[in-house]
Amino acid sequence: MMIHPNPYFYAPTHCYRASLQPRSQTIFSPYATYTYVLQNFRNKRAPFEHESPIVTGDFTGDGTVDTARLAWNKSAPDSEYVTDITLLIRNGSTGAEASFPLPEKSGYSPTLFAGDFTGDGIPDLFISIQSGGSGAMTNNFLYTYQEAVLRTLFDTNQYNEEQKYTVEYLDYYRMRVTSLNNRQSYLIDISSRGSDYLSDIYNENGKLKQPLQGDVLPVSGVYPVDFDQNGVYELLIFQGIMGQYNADRFGYVQNVLTYKEGRWNFMNQWVAVYGTDLVIPRL
């Protein structure tokens, strides 16, 4: 099953693979501290109007194939906005179906993907929901269901709170993006922004008129990718780099997280910037 990319930018789906030299650094505490209360619906089924395709795997780790799907309702028949998004898991051994309402239960285009993210050989469940707002943010959740207990491995809400950045305009038409968690700094040349934009910020000599800050926005896309092709998925996370307002974008911070020893770690980090049109003079 494909994880659909955010419509505001291109990014690889989970089938994309690349070879990288990993660099591991712990960035925040493990998420597996929040556990859902199991609701057993052996003979009941919630009145959902729509469902995702079913994914299968031994999610409980008991040797029997289980099934999982998302279910939801629509706010109106002609609307793409969905509500009541719920994860449904049927235990292959007992036939019992458990229902788990998501922390963020509304949005657009909910998708479900099963794959091993921890390296234990047991598939986990990854969920992506588009927010639909002007910032093109997403809500993403990754769960493990071992021993029929749903535990959170990743939640974009907590990730957004824990990742810290600074964005500073510098003299001579530059911008510095700093990842405080990863202790890395990136310089962006913004001289191609145009005179109207730059003249509001800089004097004629290229000096800033006054100190000015930008920001790194909340997550706008999370994609399962098996970068080192070992059957274990990493998380590729996009966060937009903002200048003076939301639509004033310069590119994306791209973090690759790998799960090791019960914690998420940086595997790689990049800053991807927008290009400018190449002007070729006529001969």
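Buried means under 20% relative accessible area, exposed means over 50%, and partly exposed lies in between. The exercises below use these cut-offs on a predicted model.

**Exercise 1. Take stock of the chain.**
Find how many helices and strands the protein chain has, and what share of its residues is buried.

*Solution.*
Step 1. Go through the secondary structure. The protein chain has two helices and 17 strands.
Step 2. Turn to burial. Of the 283 residues in the protein chain, 48% are buried.
Step 3. Look at the surface. The accessible surface is about 14200 Å². Carbon and sulfur atoms account for 49% of that surface.
Step 4. Check how far contacts reach along the sequence. Take contacts between residues at least 6 apart in sequence: 53% of them join residues at least 24 apart.

**Exercise 2. Classify Asp248 and its partner.**
Asp248 forms a salt bridge with Arg193. Decide which class of burial each residue belongs to, and where each one lies.

*Solution.*
Step 1. Asp248 has 1% relative accessibility. The cut-off for buried is under 20%, so Asp248 counts as buried.
Step 2. Arg193 has a relative accessible area of 29%, so Arg193 is partly exposed.
Step 3. The closest N and O atoms of this pair are 2.5 Å apart.
Step 4. Now place the two residues. Arg193 sits in the loop between strand S13 (184-189) and H2, and Asp248 in the loop between S15 and S16. The pair links distant parts of the chain, 55 residues apart.

**Exercise 3. Follow the salt bridges.**
How many salt bridges does the whole structure hold, and where does the one between Glu97 and Arg69 sit?

*Solution.*
Step 1. Search the whole structure. The count is six salt bridges.
Step 2. Pick out Glu97 and Arg69. Their closest N and O atoms are 3.0 Å apart.
Step 3. Place the partners. Glu97 lies in strand S6 (residues 97-101) and Arg69 in strand S4 (residues 66-74), so the pair ties together parts that are 28 residues apart in sequence.
Step 4. Check burial. Both Glu97 and Arg69 are buried.
Step 5. Take another pair, Asp171 and Lys207. Their side chains meet in a salt bridge at 3.6 Å, N to O. Asp171 is in the loop between strand S11 (165-170) and strand S12 (174-179), and Lys207 is in the loop between helix H2 (195-199) and S14. These two residues are 36 apart, and the pair links distant parts of the chain.
Step 6. Classify this pair. Asp171 has 26% relative accessibility, so Asp171 counts as partly exposed. Lys207, at 32%, counts as partly exposed too.
Step 7. Look for shared partners. Glu51, Arg69, Arg90 and Glu97 are joined into one network by salt bridges that share partners.

**Exercise 4. Lay out a sheet.**
In which order do the four strands S7, S8, S9 and S10 stand, and is the pairing parallel or antiparallel?

*Solution.*
Step 1. Read the order. The open sheet runs S7-S8-S9-S10, with antiparallel pairing.
Step 2. Find the edges. Strand S7 (108-115) and strand S10 (151-155) each pair on one side only, so they are the edge strands.
Step 3. Check the turn. Neighbouring strands are turned by 20° against each other on average, direction ignored.
Step 4. Zoom in on one pairing. Four bridges join strand S9 (residues 138-144) to S10. Leu142 stands opposite Phe154 in S10.

**Exercise 5. Compare two positive phi angles.**
Where do Gln229 and Glu261 lie, and is each buried, partly exposed or exposed?

*Solution.*
Step 1. Gln229 is not a glycine, yet its phi is positive, near 55°. Glu261 is not a glycine either, and its phi is about 55°.
Step 2. Gln229 lies in the loop between strand S14 (215-225) and strand S15 (234-242). Glu261 lies in the loop between strand S16 (249-260) and strand S17 (263-273).
Step 3. Gln229 has 47% relative accessibility, so Gln229 counts as partly exposed. Glu261 has 81%, so Glu261 counts as exposed.

**Exercise 6. Describe the surroundings of Asn91.**
What does the side chain of Asn91 reach, and which residues does Asn91 touch?

*Solution.*
Step 1. Asn91 lies in the loop between strand S5 (82-90) and S6.
Step 2. With 13% relative accessibility, Asn91 counts as buried.
Step 3. Its side chain reaches the backbone nitrogen of Ser93 at 2.8 Å.
Step 4. Leave out residues up to four places away in sequence. Asn91 then touches Thr60, Asp62, Asp66, Ala96 and Ala148.

Terms used
Residues numbered from 1 in each chain as written. Predicted model: local features only at pLDDT ≥ 70, side-chain atom pairs only at ≥ 80, totals over all residues. Heavy atoms only, no water. Pairing = 2+ DSSP bridges. Axes fitted to C-alpha atoms, helices over the stretch in contact; angles between N-to-C directions. Buried < 20%, exposed > 50% of the residue type's maximum accessible area, 1.4 Å probe, protein only. Contact = heavy atoms within 4.5 Å. Areas by Shrake-Rupley, 256 points an atom, 1.4 Å probe, with all protein chains shown as cover. Salt bridge = Lys/Arg side-chain N within 4 Å of Asp/Glu carboxyl O. Polar contact = N/O pair within 3.5 Å; in protein donor to acceptor, adjacent residues only side chain to side chain.
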